[in-house]
Amino acid sequence: MVFKELLGRKPGLYGMPSGLGHFHEVVGHVFGSLEMLLEGHTELNWYCRGLPVEKYAQQRRNLVENLKGPVRLCRPEVTLGATDEVERYCPECEEIQLRDNGFRYVHRELCAPYVVACGVHGIELRWKGKQGRLFDAECHHPLEPSQLSICVEFARRTAHCLNTTSENGAFTKADTLSHLMKAGYLSETGRLAVGDTVRTFISTFGEAFPDERMKYMCSTEKNIMDALRNLMRPDRAVFPLYCILLSWMAQERACSKQRKSVSVSSTHRRTLSPVTEDQVRMAMAEHGSLRAASTALNVNIKKLTALCLLHAIPFARRTKTLDVVLVENIHAAFDARQTPAQIVRRFGVSLSTAHWIRSCRADLAELKEHRVQQRVREDKALWEQVVRASPGETTTALKLMNYSLWARLRRNSKSWLEDHGAVPALIRGPRRSCRSMPLEPTVNRVIARVAAASEKGGRRPEWKTLGRLQRATGMTEYELHRLYQLSALKKYLETKASFVHRRLIWGNATPERFKLWKIARKAGLRESTIRFVQHSFMKNYDTRNSED
């Protein structure tokens with residue numbers, strides 16, 4: 001009754017309830033200030049880890065005021081959220097509580113999202129009180145010994161987030177970016193090595209947790225890419241779980257890089273032997289060129305050049321100026337309409353040198369421009385043919401069919417391409433993307449168990465509704481409505497007429513099946529309901545008898 005009046009919900013453990021301002025005015029002021037209530041008894045600090053600094057005040061207001069919508073400003077997709085309604089406890093922690101205080105209590109560190117182990121004693125947590133949700137039971141698997149140490153460390157980092165403010169604690173968005181920069185994933189210019197980061201994250205945490213929801217979030221490339229994208233944008237919110245795990249991964253890599261650099265400096269550099277003057281003289285006398293000698297000595301060509309200059313060892317230098325005869329021959333080759341690539345192969349000069357000589361001649365530049373314009377005219381004629389041959393197609397479709405032609409026109413004649421594109425498509429409203437449902441096999445397995453229980457032989461059939469499914473699985477109304485929008489529940493739900501038909505078929509197993517009052521008594525239905533669907537039922541019953 002107190003929960004209903006003060007918090008507007010049923011009794012239970014809630015890490016982020018709304019309406020705490022009214023709760024504090026009525027009874028909460030006895031235990032302390034409103035700030036103490038928010039900082040010490042909610043998960044506010046944990047969820048602020050993934051928010052921009054300017055949204056901290058809004059998240060705090062969501063807890064104080066009465067809201068009808070979601071309280072959390074950053075949350076995962078539907079079916080991926082952790083439950084906070086069932087108590088979890090550590091047996092050793094309870095013994096200490098009884099010894100020190102004389103009573104047991106539930107600490108928020110043990111009921112934090114995705115925490116399955118005690119960060120103090122290093123053991124797996126146990127469920128307390130009522131049975132957990134059916135969906136949670138399907139998602140949670142037994143904790144393996146190889147996963148215990150990671151889950152314990154995750155619980156400790158989560159406890160740090162809960163017990164320290166987001167302004168002074170670690171694992172915020174800014175702190176996570178700083179760790180990524182120290183580890184080498186993020187450059188000083190703000191460029192992120194996305195591929196390396198995603199691969200390392202999946203290999204580190206993909207199979208590290210026993211919960212299918214965490215396993216899905218840590219092993220799906222799309223979720224990790226979305227988290228990194230939101231982390232890089234200062235105005236976006238990211239789920240705090242990724243801030244904790246990304247900082248953890250970056251810290252481990254920074255430590256391994258530091259250990260590696262120490263080991264290299266202490267072993268490899270001591271055994272490195274310098275190249276002596278006699279070795280350089282012998283290599284230059286044997287090979288004759290800097291490149292061949294550097295390959296034989298396994299040293300950099302620049303270092304070998306410096307050694308030759310230091311010890312006055314003669315070597316052939318590359319000429320910095322071109323011979324007059326060579327330049328005249330290159331000009332003659334250009335007059336003969338040879339390409340720069342052919343010039344490189346014929347005279348042994350670099351490609352940049354060939355292009356530099358050609359750019360010095362105005363006639364060759366005009367010839368190149370003439371060839372480009374001629375090619376553009378040919379491409380324009382081809383594009384007009386493509387547009388006429390595919391009426392009704394959009395510019396994007398034409399581009400995909402003729403990408404090289406579209407790319408040349410966009411590079412050389414962009415304005416003409418925009419004016420001579422395809423007929424613009426009709427303006428449509430925003431299309432909803434067909435999003436896939438996270439943990440679809442697990443959701444289908446839970447729904448199948450509920451459906452099998454409702455159709456169990458010998459029992460009276462029950463109406464398959466969202467309310468009955470909510471009571472059986474323990475899911476929230478919001479989760480069920482999101483699953484219904486994703487077409488995950490449509491195969492389970494049924495109409496009233498279908499439910500009545502199933503009841504009538506089940507209750508019509510006796511010879512007195514055509515006596516209405518007997519059918520209604522056994523089926524548990526009203527006679528008016530049976531009359532409403534009687535025509536359809538009799539038709540289906542006759543069809544079933546004819547098949548038998």
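A residue counts as buried when its relative accessible area is under 20%, as exposed when that area is over 50%, and as partly exposed in between. The legends below use these terms for a predicted model.

**Figure 1. Overview of the protein chain in the predicted model.** The chain has 548 residues, of which 36% count as buried. Its secondary structure comes to 30 helices and two strands. Among contacts with a separation of 6 or more, 66% are between residues 24 or more positions apart. The accessible surface is about 33200 Å², and carbon and sulfur atoms account for 53% of that area.

**Figure 2. Close-up of C243 and its closest cysteine sulfur, in C74.** C243 has a relative accessible area of 1% and is therefore buried. Its sulfur lies 8.2 Å from the sulfur of C74, too far for a bond. A disulfide is a covalent bond between the sulfur atoms of two cysteines. The cut-off for such a pair is 2.5 Å between the sulfur atoms, and by this rule the count comes to zero disulfides.

**Figure 3. Close-up of the largest nonpolar core.** This core has 76 residues, and those with the most contacts inside it are F154, F201, F205, F209, Y242 and L245. Helix α13, spanning residues 240-268, gives the most to the core, with nine residues. Another core lies apart from it and has twelve residues, including V280, A293, L304 and L307.

**Figure 4. Close-up of F205 and its contacts.** Once neighbours within four places in sequence are left aside, F205 is in contact with C218, L245, W248 and M249. One of these partners, C218, has a relative accessible area of 0%, so C218 is buried. F205 and L245 are both listed among the residues with the most contacts inside the largest nonpolar core.

**Figure 5. Close-up of two asparagines in helix α12, N223 and N230.** The helix spans residues 221-232. At 9% relative accessibility N223 is buried, and N230, with a relative accessible area of 18%, is buried because the limit is 20%. Which residues does N223 contact, leaving aside its neighbours within four places in sequence? The partners of N223 are E77, Y216, M217 and Y242. With sequence neighbours within four places again left aside, N230 is in contact with K173, R236, A237 and V238.

**Figure 6. Close-up of a nonpolar surface patch formed by V30, F31 and M36.** Together the three residues have about 330 Å² of accessible area. M36 is found in helix α3, which covers residues 34-41. With a relative accessible area of 32%, M36 is partly exposed.

**Figure 7. Close-up of S350 in the loop between helices α18 and α19.** Helix α18 covers residues 340-347 and helix α19 covers residues 351-359. Is S350 buried, partly exposed or exposed? S350 has a relative accessible area of 24% and is partly exposed, because that value falls between the limits of 20% and 50%. S350 and P340 are ten residues apart in sequence, and their C-alpha atoms are 9.3 Å apart in space.

Conventions:
Residues numbered from 1 in each chain as written. Predicted model: local features only at pLDDT ≥ 70, side-chain atom pairs only at ≥ 80, totals over all residues. Heavy atoms only, no water. Buried < 20%, exposed > 50% of the residue type's maximum accessible area, 1.4 Å probe, protein only. Core = buried A, V, L, I, M, F, W, Y, C linked by side-chain atoms within 4.5 Å. Helix = DSSP H or I, 4+ residues; strand = E, 2+ residues; numbered from the N terminus. Contact = heavy atoms within 4.5 Å. Areas by Shrake-Rupley, 256 points an atom, 1.4 Å probe, with all protein chains shown as cover. Patch = residues over 30% accessible without salt bridge, like charges linked within 9 Å, V, L, I, M, F, W, Y side chains within 5 Å. Salt bridge = Lys/Arg side-chain N within 4 Å of Asp/Glu carboxyl O.
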